[in-house]
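Subject: Handover of a structure and what was found in it

Dear colleague,

I am passing a structure on to you, and I would be grateful if you could keep it open while you read the notes below it.

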Amino acid sequence: MKKSIILSIFILFQFVFSSPLLKISNAAQKQTFYAKVEKEETYFYSDPVDQDSSKMFVLPKSYFVYLTDQAGDDFFVAQYKDLYGYVKKQDVTVMSGTPNTPFASANFTISNPEGVSLYASPSFSNSSKLARIEYLTIISTYYGSLPGENVPELENEWYYCKINQDENDIFGYVYSYFCYKESTIPTNTETFDVVENPAFEISPTLSQPLSEVAMAFIVIGVSLPCLLIIYLLIKPSLQKGKFTEKRKPKKRHGDYFEFDENDLN
């Protein structure tokens, strides 16, 4: 019993003084960056593969993408608004600051009296139809554009956008000829220092050190219960060693008669 209690005290001390708060934190930490789109035809990809099937749209020039990691030698893992995908490393300039307006804002209105269809790809294929958008509907979430199938002698630009129908978000393409763009996207003039070799992994660092007062409270909080347990362990030994006066046992006498010489006369 005593051995188990002493072992418990030892484990308790080991736990406190080997706490992660008092030692070096080895947890991996991540760094993120914004990257500016400074080249024409900088694509946002659905997969880290340089193929037409992976291109989702051309990012608006002068705006930013949010980088969270690397994806092989050629791509960054990126976020643009609420979309997650990839950008080619050579197409963007990684910077050290946080822009006030990282993403472009634009909207457009459906101008075709018969309405338009939202497609999964920039083509008029019936198999890729996702939804129907009515005339004069305002599309407020615009991401970028992508060349695609066109009506003869008309432009081939498609808008990649998001609509909400029946409380569901649907992403897809709308043929730009049937849309009226409310405004042009202004140039974003924000710029920061360039980061040549962005490192997303941060080396382990020391944890935030505890103050002397906090350390004192931890030590006191652990020591008091341990001292109490130690006292309870040695209390029986103290009581046994205490001097106690032993009472002498009474001497018992048997019955006897007093002898008187006068009885002989």
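What follows is an account of the chain as a whole, then of some of its strands, its cysteines, its largest pocket and one loop residue.

Please keep in mind throughout that this is a predicted model. The chain has 265 residues, of which 32% are buried, and its secondary structure consists of two helices and 17 strands. Of the contacts in the chain with a separation of 6 or more, 63% are between residues 24 or more positions apart. The chain exposes about 18,500 Å², and carbon and sulfur atoms supply 54% of that area.

A good place to begin is strand β6, which covers residues 75–80. Five of its six residues are buried, so β6 is largely enclosed by the rest of the structure. Strand β5 (residues 64–71) pairs with β6 in the antiparallel sense over five bridges, and within that pairing A71 has F75 of β6 as its bridge partner. Three residues lie between the strands of this hairpin, and G72 takes a positive phi near 80 degrees there. Strand β7 (residues 83–88) also runs antiparallel to β6, to which it is joined by six bridges, and here V77 stands opposite Y86. The hairpin that β6 and β7 form has two residues between the strands, with K81 in the turn showing a positive phi of about 55 degrees.

Elsewhere there is an open sheet of three strands, in the order β12-β9-β16 and with antiparallel pairing. Its edge strands are β12 (138–139) and β16 (179–181), each of which pairs on one side only. Strand β9 (residues 108–110) is joined to the antiparallel β12 by two bridges, and T109 is found opposite I138 of β12.

The cysteines raise a question of their own: why does a search of the whole structure find zero disulfides? A disulfide is a covalent bond between the sulfur atoms of two cysteines. For C161, the closest cysteine sulfur is that of C179, and because the two sulfurs are 7.6 Å apart, they are too far for a bond; the cut-off used for a disulfide is a pair of sulfur atoms within 2.5 Å. The same pairing appears from the other side, since the cysteine sulfur closest to that of C179 belongs to C161. C161 has 0% relative accessibility and therefore counts as buried, and C179, at 11% relative accessibility, counts as buried too.

As for open space, the largest pocket has a volume of about 170 Å³. It is lined by 14 residues, and those that lie nearest its centre are P60, K61, Y142, K181 and I185. Strand β13 (residues 141–147) provides the largest share of this lining, namely three residues.

One last residue you may wish to find in the view is S123, which sits in the loop between β10 (116–119) and β11 (129–133). Is S123 buried or exposed? Its relative accessibility is 15%, so S123 counts as buried, the cut-off for that term being under 20%. Leaving aside neighbours within four places in sequence, the residues in contact with S123 are S128, E149 and W158.

With best regards

Key. Residues numbered from 1 in each chain as written. Predicted model: local features only at pLDDT ≥ 70, side-chain atom pairs only at ≥ 80, totals over all residues. Heavy atoms only, no water. Pairing = 2+ DSSP bridges. Helix = DSSP H or I, 4+ residues; strand = E, 2+ residues; numbered from the N terminus. Buried < 20%, exposed > 50% of the residue type's maximum accessible area, 1.4 Å probe, protein only. Contact = heavy atoms within 4.5 Å. Areas by Shrake-Rupley, 256 points an atom, 1.4 Å probe, with all protein chains shown as cover. 1 Å grid on protein atoms, 1.4 Å probe; cavity = no way out; pocket = protein on both sides within 12 Å on 5 of 7 lines; lining within 4 Å. Points joined across faces, edges and corners; volume = space filled by probe spheres on them.
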